[in-house]
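Okay, thanks everyone, I'll keep this short. Let me put the structure up and then walk you through a few spots in it.

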There are 2 protein chains.
Amino acid sequence: MEKNVDSEIIEHHVEEVEVQEERRKGARSHAASCSSFPGSVTPSDREDHSGTQSSHRLLAYSDALISIIATVMILPVAHTKMKDNEELSVQLLLTTKIAVYLMTFLIVTVAWAAHIRLFQVIVRIDDCLALLNLACMMLITFLPYTFSLMAAFPENILGLLLFCGCVMVMGVIQSGIVLYAFSRPFLLNEQIQMSENQTFYKRHILKVIMRVPLMCFFASIFSFIFFQLSYVLLAVVIFLPYISQSMKWCRNKAIGPVEQSPDSMLFDTYLPDEPLSKDRVEAFSDGVYAIVATLLILDICEDNVPDPAVVQKEFGGSLVAALRSYGPEYLAYFGSFATVGLLWFTHHSLFLHVTRTTRLMGLMNSFSLAFVGGLPLAYQLTHEFPPDSRNELEAIRISCVIIFFAGVFQLAIWVAALHGERETLHPYVRYGGREHAFMFAKLSLYPCVALGTFFLTCVLSRFSAPIFHLMEITVPFAFLALRLLVRVTLASLRLMFWPNRPGAAEEADDEEEARVPFSTLVS
Amino acid sequence: MEKNVDSEIIEHHVEEVEVQEERRKGARSHAASCSSFPGSVTPSDREDHSGTQSSHRLLAYSDALISIIATVMILPVAHTKMKDNEELSVQLLLTTKIAVYLMTFLIVTVAWAAHIRLFQVIVRIDDCLALLNLACMMLITFLPYTFSLMAAFPENILGLLLFCGCVMVMGVIQSGIVLYAFSRPFLLNEQIQMSENQTFYKRHILKVIMRVPLMCFFASIFSFIFFQLSYVLLAVVIFLPYISQSMKWCRNKAIGPVEQSPDSMLFDTYLPDEPLSKDRVEAFSDGVYAIVATLLILDICEDNVPDPAVVQKEFGGSLVAALRSYGPEYLAYFGSFATVGLLWFTHHSLFLHVTRTTRLMGLMNSFSLAFVGGLPLAYQLTHEFPPDSRNELEAIRISCVIIFFAGVFQLAIWVAALHGERETLHPYVRYGGREHAFMFAKLSLYPCVALGTFFLTCVLSRFSAPIFHLMEITVPFAFLALRLLVRVTLASLRLMFWPNRPGAAEEADDEEEARVPFSTLVS
């Protein structure tokens, strides 16, 4: 009986591949696809197409939702009004809010990683799974609010209970998703579909999924007795993947790698070189960059349209004069859009060369994105204060620090990729490859510029604002001219260290080589 | 000489296809790709991979940015505070803001369509094009602000000048993109790459691109003389595609279709059955649905965390009591998230069955999205007013109307698709296909429910709020049980009209048929 079921599944899978093949062809040449589809409808065809669906768009939508939610908590931080006189209490408030932002970002990222893990097991969806997933998303989007309640009322257990409740309901829904998917095995990924031991897999996945909700259940019970313990428990839950990951890494370094069965590899390990779905990392990053780039224009559209009555009374009817008072905010908008856009651009360039994303690269990416999410705050700060005040100087320095770390963690993604370069990178950007120097220059441009601006503002603190704006204006042009700059630098380095082998000749040589068609080199 | 260039381009193109083929293989089985890439790097390889890039992710990022900007102008509308006493002036203000929202949405959609058009010509990008595109995006995201200036100060030409300035700069950047792309022809699409007459194409595309900026130039000059004329000119610019489209459609219906050369088809026509990129329509819709679903949680996270001091003073330290006063806002959030999520779900189901998106379908989609963008406003309204007031009743009716139109325009997409079903739909959902009834039920569920709720609130106006909330709760379950409902309905219809041919037997027959493997039917 079981053999029979298995062969049915395999057959189903083979059909599926065929259908997908056909679909891809269809996308390429529509006319061909039209003629290949029969006019009348075969029931099996229907079963394949409409009963189950590719999960691609569902995941893209989930990524968009999660990325927006992850960056949302920067808004309360950015909107905290500050005055020069009440510095201390505001700084405390700001620190709390920033902590909430970072914690939210981390939690949402962990939830997102779990979502990736789940949908690496379930590769096709149907209507029911799509609706269950939407319910899950609704709960994820509510997490930031529970978290800000916790931060505002640390002594009150309500925020904690709400958080635990959300996580537990999510656990129940996710278990429902898993049970449903295992009852219709053609939704699962190939490896499990082929496996003879599906019940084992099911139990194992359920165990992994229910771990966090169970701990939340205990945390919510403890909260009635001794609520400090609950926070500790929650912190453990959140950092569990990272802790276990670093511990395993340390053990591997200390006593050598431990043999692992391929089964446990799939769901249990948090090893740094475990793959994450590259598409989803890109989609999540795109979402964060897009919402961050537009956060300031949201504010501008809402707040910076002056009231006609006010313009008449205060500016004598001159709209230009009224808008001039908003000048710094426009500058802040364009500055933040350009910075976020260019950071997206380096991220995009980097991931063009990445063939496979590891968990460590994903972690570095999350850190980079967390700092990118802080950019609107930084830019809001730069125009909040009167020119030449001590606060303005500090705001500019904070901006530099945030840009620096966002760039440095992007660089760290690359370093992590270089660590296992044969698996993660295209050959031509590997260490010593032709594009290596260029990629390195691209990734290190922002950290270097931010660091330079930071030190310049320390030395020439009187001119900090002009220096900062000059930096913003020149960086895009630096990116445009980067290829040229790298060539010049490399050539001059060559001239300095190997003067007997002139770079110009080699350059010409390269050009010659470049004209040889690709196909002749391959064949 | 020209022959030589052409053959070089073709060669380049062939290489490209090979490389893409190899990349797709690489994605499928990583190990194979690793061995097929040579260890050392060939210069031509480098040229192909890093010099030019697939434009997919750039377009996805642009779609995300544009969709956020399109929906942003609902925020000033939703945040307009209303009181029961000053109805008239507030209603006027609200009407203006809603008009601004709709106009912004329309303009941004037109800009987005132009962006699709441009990147249907340019199919591959490099660093320079990516940076130019980002500059373009920055200007598009600034358009809503200029538009709200125009609405607030219709007599002042500053908003108009800013708008025209943005459009003109965008025109210059886009011309730059086109000139750059034609100087490196391997970035262009296949048809133009193969063509012997590239200069003709270049001139033609530049002409199409510069049309709008030129009209804006004239509008900005006229604005100094007689500014009403400028507004007329701008309206013409914005609606030009739609006007020319409907005129051509009318002429076609009246005197029969006019022969068109395939060249002009590519860039000049706005015929309703001209294709739009389906991927980009999906990405743009996903962006709108995602940002709309989260707009209310943005507000909640920012505004609904009570101040500890206030809780201590007004609620005697009881956080639960303080949060209870926000109750309706949480309900509004979950209601709007569920509605938006389910509308996304029907959109997703619909586009699973769509093989090709026409311009008319894109237009219907934009209208549907414009109403979806109004949902946060509707839900904000429902909790703004005291219970059982006349305003609350009106707010609930407005919500029903908005949901109704969002759903009806989704239905219109399907009707438009059915109009040319052989080209646009998979065979099994075409009229009379097996999935036809189910798809129809899915798409008509929300319009029917919204209409029903609307009339119920008219009849039982005292219970309007409970009716509305009941509707919100039952609709997700209706979606879960929809397949069952449709089967029951069809069976009962069959029993009513053809009682001599029992549905149960046919049902069993179908099940039997469904088990025949797909491959045997095809071969």
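So, let's start with a bent helix. In chain B, α7(B) has a bend of about 30 degrees at L143(B), with a proline, P144(B), following within four residues. Keep in mind, by the way, that this is a predicted model.

How does the end-to-end span of α7(B) look against what we'd expect? The helix runs over residues 127-152, and at 1.5 Å a residue those 26 residues should span 38 Å; the end C-alpha atoms are 39 Å apart, so that agrees. As for its surroundings, 21 of the 26 residues of α7(B) are buried, so the rest of the structure largely encloses this helix.

Now over to chain A, where there's another kinked helix to look at. Helix α17(A) covers residues 359-382. Where is its kink? At G374(A), shortly before the proline P376(A), and the angle is about 30 degrees. From first C-alpha to last, the 24 residues of α17(A) reach 35 Å, close to the 34 Å expected at 1.5 Å a residue. And α17(A) is mostly covered, with 21 of its 24 residues buried.

Let me zoom out on chain A for a second. We've got 24 helices and four strands there. The chain has 523 residues, and 52% of them are buried. If you take the contacts in chain A between residues at least 6 apart in sequence, 77% of those join residues at least 24 apart. For the surface people: the accessible surface of chain A is about 23,300 Å², and carbon and sulfur atoms account for 67% of that.

Which brings me to a patch on that chain. There's a nonpolar surface patch of about 1,100 Å², and its members include L214(A), F217(A), F218(A), I221(A) and V236(A). The elements giving two or more residues to this patch are α10 (198-225) and α11 (227-255) of chain A. Which helix gives the largest share? That's α10(A), with seven residues. V236(A) sits in helix α11 of chain A, and because its relative accessibility is 34%, V236(A) counts as partly exposed.

Last stop, back in chain B: H436(B), in helix α20, residues 436-459. Buried or exposed? H436(B) has 14% relative accessibility, so it counts as buried; the cut-off for buried is under 20%. Leaving aside neighbours within four places in sequence, H436(B) is in contact with W414(B), L418(B), Y428(B), V429(B), R430(B) and Y431(B).

That's my tour, happy to rotate anything you like.

Conventions
Residues are numbered from 1 along each chain as its sequence is written. Chains are lettered from A and ligands numbered from 1 in the order in which they are written. This is a predicted model: local features need pLDDT of at least 70, side-chain atom pairs count only at pLDDT 80 or more; totals for chains, interfaces and linings use all residues. Side-chain values use heavy atoms; hydrogens and water are left out. Patches are made of residues with over 30% relative accessible area and no salt bridge: like charges are joined within 9 Å, nonpolar side chains (Val, Leu, Ile, Met, Phe, Trp, Tyr) within 5 Å. Accessible areas come from the Shrake-Rupley method with a 1.4 Å probe; for residues, only the protein chains shown count as cover. A salt bridge is a side-chain nitrogen of Lys or Arg within 4 Å of a carboxyl oxygen of Asp or Glu. Buried means under 20% relative accessible area, exposed over 50%, partly exposed in between (1.4 Å probe, protein chains only). Contact means heavy atoms within 4.5 Å. The expected span of a helix is 1.5 Å times one less than its number of residues. The bend at a residue is the angle between axes fitted to the seven residues ending there and the seven starting there.
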